[in-house]
Amino acid sequence: MDSIVIQGGKRLEGAIPISGAKNSALTLLPCAILTDEKLTLSNLPRLADVDSFGHLMNELGVSTKIEGMHKGEIGRRMTLRAENLISTVAPYDMVRRMRASILVLGPLLARAGDATVSLPGGCAIGDRPIDLHLQALEAIGAEIEIAAGFVRATAPGGKRLSGGDFTFPVVSVGATENAVMAAVLAAGRTNLYNAAREPEIVDLCRLLQKMGAHIEGEGSPHIKIEGVEKLHGCTYAVMPDRIEAGSYACAAGITGGSVDLIGIRPEDMLATTNALVQAGLMIEFHDHGMKVSADGPLRPLALSTAPFPGFATDMQAQFMAMLCRAKGESFLEETIFENRYMHVPELRRMGANIDVRGRSAIVHGVDHMTGAKVMATDLRASMSLIIAGLAAEGETEVLRVYHLDRGYERLEEKLSAVGATIERRGGG
Ligand SMILES: CC(=O)N[C@H]1[C@@H](OP(=O)(O)OP(=O)(O)OC[C@H]2O[C@@H](n3ccc(=O)[nH]c3=O)[C@H](O)[C@@H]2O)O[C@H](CO)[C@@H](O)[C@@H]1O
Ligand SMILES: C=C(OP(=O)(O)O)C(=O)O
């Protein structure tokens with residue numbers, strides 16, 4: 001298995017092109033199921049999860065054609081066509097490897113009136129139930145059965161869902177996405193209350209609108225959908241990855257550097273940029289993105305994760321790594337996932353001083369961290385180790401690179417280009 005090796009202590013300086021967002025790509029891809037016409041997605045990040053999603057789509061009978069395989073090119077285009085579905089089952093092996101597979105449930109149900117998806121179970125960051133996905137689908141007319149580790153959702157008579165109203169008891173990104181994708185082809189109107197407002201939800205709704213869906217209120221807690229009989233194909237560009245951009249901003253902060261993040265949308269990242277400014281970084285917005293520069297010592301922060309527009313859970317590990325080197329004590333609270341501190345023991349092995357009590361963590365800033373062989377069990381935890389390694393003295397080797405390959409396109413290339421000494425080693 002590959003590892004990533006960093007010689008720490010280099011100040012980062014230069015421009016980093018930001019890729020298309022993983023968390024948006026994985027919800028736009030299943031939209032191909034909703035039409036028998038071609039859907040072309042551009043700015044798709046080159047990530048293991050995008051490839052896996054392509055394979056899942058192929059299993060369902062959706063053809064996929066990829067362009068943009070040239071070395072050095074950021075992003076790709078994928079044309080998908082679900083002319084005839086050959087299966088409505090997402091098998092255990094696919095869902096186990098990639099949680100986002102659950103997002104075929106809504107579209108399959110809407111298009112075929114029938115969907116069977118393996119129950120995803122928990123994962124390294126905590127229990128990740130899908131009860132709200134199922135309740136929302138029931139509210140818009142689905143019948144749900146659970147047996148032998150699978151959930152089967154059917155529309156009455158195998159035909160169209162009715163549409164209906166549902167209030168999410170807690171904000172859920174995935175459940176909002178499944179409900180929206182199911183409701184666009186329903187026979188009637190759907191109102192989703194306390195819906196997730198994440199930019200990735202807005203991206204999903206914009207694509208569906210371009211395909212002919214009638215949706216209003218995206219980006220607000222009340223999404224209104226008037227079902228239509230048919231959607232058509234289109235071409236759509238995946239939004240930029242706000243989490244990738246925030247991760248590189250933390251890397252600039254911890255190395256006392258300055259990186260220009262090209263292609264970001266500032267409005268997607270206000271909680272992150274506010275936190276960066278409070279930590280003492282300087283931000284300059286310009287026409288192509290934003291420049292993030294260290295400006296003196298890092299200041300400690302108090303951060304609590306929350307649904308958008310709050311501070312994203314997907315940024316918590318990377319900020320924690322950066323704050324390990326702040327002057328003073330930072331306080332972090334993880335409110336979304338109960339087990340999202342898997343990076344803490346590894347950061348401690350690099351010299352960090354962090355206390356964890358339940359969902360809270362106190363990070364006591366240290367002057368010095370040292371490189372070590374480290375590994376993490378999830379994507380953002382792995383990125384936090386890369387960030388720490390960039391500032392640590394000596395060599396850091398991050399094992400289990402497959403987590404990073406799920407979410408960071410050309411990580412080593414992008415960081416080398418701004419001055420990091422970083423390489424991928426085979427067989428680590
Ligand atoms: C609100 C939030 O920050 N969501 C994050 C979550 O999305 P993801 O879609 O994976 O998770 P949800 O937004 O659905 O989960 C939010 C909360 O609701 C709970 N829940 C969810 C679904 C359900 O059926 N029942 C239930 O109880 C979850 O346990 C969690 O505590 O992880 C993604 C990957 O890290 C992030 O990109 C999203 O920003
Ligand atoms: C945990 C993440 O993704 P996933 O839901 O795909 O596991 C993430 O993007 O940080």
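## A tour of two ligands and one busy helix

Start at ligand 1: the residues in the shell around it divide into ten nonpolar, five polar and four charged. Keep in mind as you click around that this is a predicted model.

**Stop 1: around ligand 1.** Select ligand 1 and bring up its neighbours. There are 19 residues around it, and those that come nearest are L132, S172, V173, G174 and P307. Now colour helix 5 (131–139) and helix 6 (173–183): these are the elements that give two or more residues to the shell. Where does ligand 1 lie with respect to domain 1 and domain 2? Colour domain 1 (3–19 + 240–425) one way and domain 2 (22–237) another, and you can check: both give residues to the shell, so ligand 1 lies between them.

**Stop 2: over to ligand 2.** Next, select ligand 2. Surrounding it you'll find K22, N23, R99, A100, I125, D314, L379, R380 and G407. By class, that's three nonpolar, two polar and four charged residues. Leave your domain colours on here, as domain 1 and domain 2 each provide at least three residues of this shell. If you'd like helices to look for, pick helix 1 (22–28) and helix 12, each of which supplies at least two of the shell's residues.

**Stop 3: helix 8 meets helix 12.** Keep helix 12 (residues 379–391) selected and add helix 8, then look at how the pair cross: their axes come within 9 Å, at roughly 25 degrees. The two helices are therefore roughly parallel to each other. Their crossing is right-handed. To see who touches whom, show the side chains of S247, C250, A251 and I254 in helix 8, which meet M383, I387, L390 and A391 in helix 12. What classes of residue make up this contact? Seven are nonpolar, one is polar and none are charged.

**Stop 4: helix 8 meets helix 10.** Stay on helix 8 (residues 242–254), hide helix 12 and show helix 10 (residues 316–323) instead. The axes of helix 8 and helix 10 are 9 Å apart, and the angle between them is about 5 degrees. That makes helix 8 roughly parallel to helix 10. On the helix 8 side, click G246, S247, C250, G253 and I254; on the helix 10 side, click Q318, F319, A321 and M322. This contact holds five nonpolar and four polar residues, with no charged ones.

**Last view.** Show helix 8 once more with both partners: S247, C250 and I254 are among its residues that meet helix 12, and S247, C250 and I254 are also among those in the contact with helix 10.

Key
Residues numbered from 1 in each chain as written. Chains lettered and ligands numbered in written order. Predicted model: local features only at pLDDT ≥ 70, side-chain atom pairs only at ≥ 80, totals over all residues. Axes fitted to C-alpha atoms, helices over the stretch in contact; angles between N-to-C directions. Helix = DSSP H or I, 4+ residues; strand = E, 2+ residues; numbered from the N terminus. Parallel < 35°, antiparallel > 145°, perpendicular 65-115°, else oblique. Contact = placed C-beta atoms within 7 Å. Nonpolar A, V, L, I, M, F, W, Y, C, P; charged D, E, K, R; others polar. Near = placed C-beta within 6 Å. Domains from an automatic or database assignment. Left-handed = near helix turned anticlockwise from the far one by under 90°.
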